[in-house]
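Me: Please take a close look at the salt bridges in this predicted model. I should like them described together with the setting in which they occur.

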Amino acid sequence: MAQQDAQRAAFVVDKARQEKQATVVRAQGEARSAELIGDAIKKSRAYVDLREFENARNVASILMGGKNKVFLDAGILGLNVAQRDRDVTK
């Protein structure tokens, strides 16, 4: 019985170590991802534009599934094209 308890405790400790390692690896991956995204944004705003477009498409597809009619403009969807054009010309 004591041997089984010791094995069970060793298993729990080993599982906790593996979970800790997985958390560290996940955090490192997320940090690297954030770094790469930051570098891409510094080089070009195209990544941000793409994400805005994807988000607008997701919002539109969610709203399409509803029975209510919803009228949206580009500003609500995050596609402030006219605003961005004015910012560029300043």
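Reply: Of the 90 residues in the chain, buried residues make up 2%. The chain exposes about 8000 Å², and carbon and sulfur atoms supply 59% of that area. Its secondary structure comprises three helices and zero strands, so that the order read along the sequence is α-α-α, as counted from DSSP runs.

Because this is a predicted model, the confidence values deserve attention before the side chains are discussed. The average pLDDT of the chain is 81, and 77% of the residues score at least 70. Among the elements, α1 has the highest mean pLDDT, at 93, whereas helix α3, which covers residues 81-89, has the lowest, at 49. Where pLDDT is low, the predicted coordinates should not be read in detail.

Turning to the charged side chains, the structure holds five salt bridges. Side chains of opposite charge can pair when their charged atoms come close. One of the five joins Glu35 to Arg32, with 2.7 Å between the closest N and O atoms. Both residues belong to helix α1, which spans residues 2-43, and because they are three residues apart there, about one helical turn separates them. Neither partner is buried: Glu35 has a relative accessible area of 45% and is partly exposed, and Arg32, at 43%, also counts as partly exposed.

A further group of charged residues is centred on Arg45, which takes part in two of the pairings described here. With Asp49, Arg45 forms a salt bridge in which the closest N and O atoms are 3.5 Å apart. With Glu52, the side chain of Arg45 meets in a salt bridge of 3.4 Å, N to O. Arg45, Asp49 and Glu52 are thereby linked in a network of salt bridges. As for the surroundings of this network, the relative accessibility of Arg45 is 39%, which places Arg45 in the partly exposed class. Asp49, at 28%, is likewise partly exposed; the cut-off for a buried residue is under 20%, so Asp49 lies outside that class.

Taken together, the pairings examined here are the Glu35 and Arg32 bridge within helix α1 and the network of Arg45, Asp49 and Glu52.

Conventions: Residues numbered from 1 in each chain as written. Predicted model: local features only at pLDDT ≥ 70, side-chain atom pairs only at ≥ 80, totals over all residues. Heavy atoms only, no water. Helix = DSSP H or I, 4+ residues; strand = E, 2+ residues; numbered from the N terminus. Buried < 20%, exposed > 50% of the residue type's maximum accessible area, 1.4 Å probe, protein only. Areas by Shrake-Rupley, 256 points an atom, 1.4 Å probe, with all protein chains shown as cover. Salt bridge = Lys/Arg side-chain N within 4 Å of Asp/Glu carboxyl O. pLDDT = per-residue confidence, 0-100.
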